Amino acid sequence: MKQILIVGAGPAGMRAAKIFVDAGIKPIVVDEAERAGGQIYRRPPKGFGRSAKELYGSEAAKAVALHHIFDKMVQKNQVTYYPRCSVVALANGQAHVLGADGVFQCPYDKLIIATGATDRLAPVPGWQAPGVYSLGAAQIALKAQGVALGQRIVLAGAGPLLILLAHQLVKAGATLEAVLDTSPRTAQMRGLFDMFLSRPVTTLRGIWMRLGIARYYRGAVTLREIATDENGPVAVSWLDRRGRLHQSKCDMVGLGWHLRADTHLADLAGARFQRDERFSQWLPETDMFGRATKDVYLAGDGMRILGADGAECAGALAAIGCLQDMALTAPDPSSYLGRLKRMMRFAKGIARAFPWPEKMIRTLSDETVLCRCEGVTVGQLRKTTDWSGPEANRAKSLGRVGMGRCQGRYCQLAGAEIIAAEVNLPVARVGRLRSQPPARPAPISAYVDHDS
């Protein structure tokens with residue numbers, strides 16, 4: 001029997017595991033969290049006081065059902081499960097897995113990568129200060145620890161997560177000084193129409209959440225600066241759609257412009273990429289079953305941003321495609337394919353409603369920090385193009401943008417915009433940064449054989 005390795009235990013990974021177990025196969029599942037669920041269905045520590053309804057809202061039943069399915073498989077020894085472990089490299093049919101006791105190798109014949117998404121961030125003057133978080137980080141703190149991270153909070157950016165987190169914080173009793181949406185109203189109306197046609201109930205639920213946020217400002221809000229002192233942020237300066245300057249006082253800021261697919265492992269596994277202008281990011285090429293290369297399948301938000309329901313469908317289809325390729329009996333994919341196509345239409349509507357703030361990024365001041373890991377400013381990257389030209393990897397080599405701990409996860413999209421504007425070329429011509437192992441920071445001690 002061939003060995004199946006699934007990386008990630010969010011909706012995509014959990015559903016893929018269930019398909020394999022039902023087919024009589026015992027997969028290996030590696031996940032970075034302590035308990036399966038992914039970000040959207042993230043589970044708090046045992047004994048946490050808030051209920052599933054409070055944590056997941058209208059998605060509580062789905063979350064609890066998936067948790068129960070996966071936990072039951074683990075209890076019955078139908079899945080080999082490695083929580084709190086990270087796949088940091090892939091080579092020759094071996095996954096290098098970082099755990100508490102160092103790095104161990106996990107061989108596989110078939111690989112399903114379901115690594116999910118990360119926050120898509122745009123630089124704002126002052127964003128490198130303590131007390132400025134991504135929206136995803138703020139949501140993790142709220143779900144996993146019951147912490148709001150601030151007493152006077154400003155959230156800024158665009159996308160469903162901005163609205164969802166604001167709604168969750170209000171329900172938890174936090175004080176929101178402002179929620180600043182940078183998406184133009186016309187874009188939101190066009191995108192909402194597409195979203196409503198594919199998922200009307202979900203779209204109306206999002207509108208209802210937004211109506212419950214008292215200090216929500218939309219319509220091409222432009223962020224100017226996050227003012228800080230020695231303790232962190234003190235105010236966010238912003239312009240409304242009429243160009244009037246406002247200042248919202250705060251002690252915590254959350255930033256995020258929808259999400260970006262976490263494609264690092266897909267790149268290391270040899271997937272091909274293409275620039276998707278609708279989502280303003282480089283995405284791996286796959287078929288509807290997630291086939292990326294021989295024996296490698298992608299699923300969920302690590303393939304493209306689909307949301308929890310779409311990720312679950314994609315996970316099922318990746319497992320079905322894998323079974324088909326092994327000439328084994330597989331479930332009928334028809335229902336999953338139909339649902340996935342609908343989720344993809346919905347995702348395109350979201351991308352249209354909440355566009356990437358290209359204009360804001362391209363007009364940033366030279367003093368704005370672009371790469372927080374390496375402390376590289378926008379001006380330094382602009383000067384680097386004199387030697388690097390319009391190629392992202394040469395700019396990385398010469399200017400160190402994307403060379404830090406996050407390996408460009410949070411700066412390369414904005415960096416490409418800066419380079420494209422400086423050399424007056426389409427951003428697609430700039431290219432994407434090549435991924436390098438380890439996919440996550442790992443201490444040298446983890447690779448040392450302590451028994452030698």
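## Exercises on a predicted model

Asp 276 has a relative accessible area of 13% and is therefore classed as buried. The structure is a predicted model, and the exercises below work through selected side chains and backbone features in it.

### Exercise 1: a salt bridge and its surroundings

Task: establish which residue meets Asp 276 in a salt bridge, and decide whether that partner, Arg 278, is buried or partly exposed.

Solution. Begin with the contact itself: the side chain of Asp 276 meets that of Arg 278 in a salt bridge, with 3.3 Å from N to O. Next take the accessibility of each end, where the cut-off for a buried residue is under 20%. Asp 276 falls under it at 13%, whereas Arg 278, with a relative accessible area of 47%, is partly exposed. Arg 275 forms a salt bridge with Glu 277, in which the closest N and O atoms are 3.4 Å apart, and Arg 275 is buried at 15% relative accessibility.

A further case can be treated in the same manner: Arg 244 and Asp 240 form a salt bridge of 2.8 Å, N to O, in which Arg 244 is partly exposed at 46% and Asp 240 is buried at 12%. In total, the count comes to 25 salt bridges.

### Exercise 2: two aromatic pairs

Task: classify the pair formed by Tyr 82 and Phe 104 from its geometry, and state which strands the two residues lie in.

Solution. The first step is to find the pair among the four aromatic pairs that are counted. The ring centres of Tyr 82 and Phe 104 are 5.2 Å apart and the planes stand at 50°, so the pair is tilted. The second step is to place the residues: Tyr 82 belongs to strand S3 (residues 80–82) and Phe 104 to strand S6 (residues 102–107), so the pair ties together parts that are 22 residues apart in sequence. The third step concerns accessibility, and here Tyr 82 is partly exposed with a relative accessible area of 29%, while Phe 104 is likewise partly exposed at 29%.

The same steps can be applied to Tyr 217 and Trp 238, an aromatic pair that is tilted, with 5.0 Å from centre to centre and 45° between the planes. This pair links distant parts of the chain, since Tyr 217 is in strand S12 (residues 216–217) and Trp 238 in strand S14 (residues 232–239), 21 residues apart. Tyr 217 is partly exposed at 34% relative accessibility, but Trp 238 is buried, with a relative accessible area of 3%.

### Exercise 3: Arg 199 and a nonpolar patch

Task: determine over which ring the charged end of Arg 199 sits, and which helix gives the most residues to the nonpolar surface patch.

Solution. The charged end of Arg 199 is placed over the ring of Phe 346, 5.1 Å from its centre. Arg 199 also belongs to a network of salt bridges that links it with Glu 59, Lys 62, Arg 205 and Asp 309. Another arginine placed over a ring is Arg 372, whose charged end sits 4.2 Å from the centre of the ring of Trp 127.

For the patch, the members are Phe 193, Phe 196, Leu 197 and Leu 204, which together make a nonpolar surface of about 440 Å². Helix H6 (residues 185–198) gives the most to the patch, with three residues. Phe 193 is found in helix H6, and with a relative accessible area of 51% it is exposed.

### Exercise 4: backbone exceptions

Task: find where in the chain Asn 92 lies, and identify which two residues are joined by a cis peptide bond.

Solution. The starting point is the general expectation that most residues other than glycine have a negative phi and that most peptide bonds are trans. Asn 92, which is not a glycine, has a positive phi of about 55°. Asn 92 is located in the loop between strand S4 (86–91) and strand S5 (94–99), where it is exposed at 81% relative accessibility. Asp 295 has a positive phi as well, near 75°; Asp 295 lies in the loop between strand S20 (291–293) and strand S21 (296–298) and is partly exposed, with a relative accessible area of 22%.

For the peptide bond, the residues are Pro 437 and Pro 438, which are joined in the cis form with omega about 0°. Pro 438 is placed in the segment after helix H14 (412–423).

Methods
Residues numbered from 1 in each chain as written. Predicted model: local features only at pLDDT ≥ 70, side-chain atom pairs only at ≥ 80, totals over all residues. Heavy atoms only, no water. Phe/Tyr/Trp six-rings, centres within 6.5 Å; stacked < 30°, edge-to-face > 60°. Helix = DSSP H or I, 4+ residues; strand = E, 2+ residues; numbered from the N terminus. Buried < 20%, exposed > 50% of the residue type's maximum accessible area, 1.4 Å probe, protein only. Lys NZ or Arg CZ within 6 Å of the ring centre and 35° of its normal. Patch = residues over 30% accessible without salt bridge, like charges linked within 9 Å, V, L, I, M, F, W, Y side chains within 5 Å. Areas by Shrake-Rupley, 256 points an atom, 1.4 Å probe, with all protein chains shown as cover. Salt bridge = Lys/Arg side-chain N within 4 Å of Asp/Glu carboxyl O.
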